[in-house]
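Thanks for sharing this one with me. I have put my reading into a few numbered points, so please have the structure open as you go through them.

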Amino acid sequence: MNKRQVGSSRETEAASYLIRQGYQILERNYRCRQGEIDLVARDGAYLVFVEVKYRKDEGSGYPAEAVDARKQHRIYQAARYYLYCHRYGEDTPCRFDVVSIMGKQIRVIQNAF
């Protein structure tokens, strides 16, 4: 499996996990000029922008560490554009979550940034 296939399979795994946690997946792999959002979901009243990170083991560090300030800014910009294009109001409650997958362990970090 190449990196793109591994990433896609982990995003599918993360989406399934989030659905079991009560999230409703609205969109996968939203792309625009500003950046990419792995998953867009609804969790109760919140519109949630989800970044999925995977590591096979600790050799490359922890998955959530890869969501650095630069990556956060790109996700934030893409989320703003998503809100604009889908005509969500400025009062829409939003959240940025990170799904961290290490081996077979999945962890959701709500309000990660």
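The points below go from the sheet to the helix packed on it, and then to the charged side chains.

1. A word on the source: this is a predicted model. The distances, angles and accessibilities in this note are thus to be taken as computed from that prediction.

2. Let me begin with the sheet. Its 5 strands are arranged in the order 1-2-3-4-5, the sheet is open, and the pairing is mixed. At the edges sit strand 1 (24-32) and strand 5, each of which pairs on one side only. From one strand to the next, the twist averages 25°.

3. Two of the pairings are worth tracing by eye. Strand 1 and strand 2 are antiparallel and share 7 bridges; if you would like a residue pair to look for, E27 has V40 in strand 2 as its bridge partner. On top of this, helix 1 (residues 3-20) packs on the sheet, where it touches strand 1, strand 2, strand 3, strand 4 and strand 5. The direction of helix 1 makes about 150° with that of strand 1.

4. At the other edge, strand 4 and strand 5 (residues 105-109) also run antiparallel, joined by 5 bridges. V99 is matched there with V108 in strand 5. These two strands make a hairpin with 2 residues between them, and G103 in the turn has a positive phi of about 65°.

5. Now for the charges. How many salt bridges does a search of the whole structure find? The count is 5. One of them pairs R95 with D43, with the closest N and O atoms 2.8 Å apart. This pair links distant parts of the chain, since R95 belongs to strand 4 (residues 94-102) and D43 to strand 2 (residues 35-43), 52 residues apart. Both R95 and D43 are buried.

6. E51 deserves a paragraph of its own. This glutamate lies in strand 3 (residues 46-55). Is E51 buried or exposed? Because its relative accessibility is 3%, E51 counts as buried, the cut-off being under 20%. Beyond its neighbours within four places in sequence, E51 is in contact with D38, V67, K71, I75, D97, V98 and V99.

7. Which partners does E51 have in salt bridges? One is K53, where the closest N and O atoms are 3.5 Å apart. K53 has a relative accessible area of 17%, so K53 is buried as well. Another is K71, whose side chain meets that of E51 at 3.6 Å, N to O. The K71 and E51 pair links distant parts of the chain: K71 is in helix 2 (residues 69-85) and E51 in strand 3, 20 residues apart. With a relative accessible area of 25%, K71 is partly exposed. Elsewhere, D43, R95 and D97 are joined into one network by salt bridges that share partners.

8. If you have a moment, I would suggest looking at E51 and R95 together with their partners. E51 forms salt bridges with K53 and with K71, while R95 is bridged to D43 and belongs to the network that also includes D97.

Note on methods. Residues numbered from 1 in each chain as written. Predicted model: local features only at pLDDT ≥ 70, side-chain atom pairs only at ≥ 80, totals over all residues. Heavy atoms only, no water. Helix = DSSP H or I, 4+ residues; strand = E, 2+ residues; numbered from the N terminus. Buried < 20%, exposed > 50% of the residue type's maximum accessible area, 1.4 Å probe, protein only. Contact = heavy atoms within 4.5 Å. Salt bridge = Lys/Arg side-chain N within 4 Å of Asp/Glu carboxyl O. Pairing = 2+ DSSP bridges. Axes fitted to C-alpha atoms, helices over the stretch in contact; angles between N-to-C directions.
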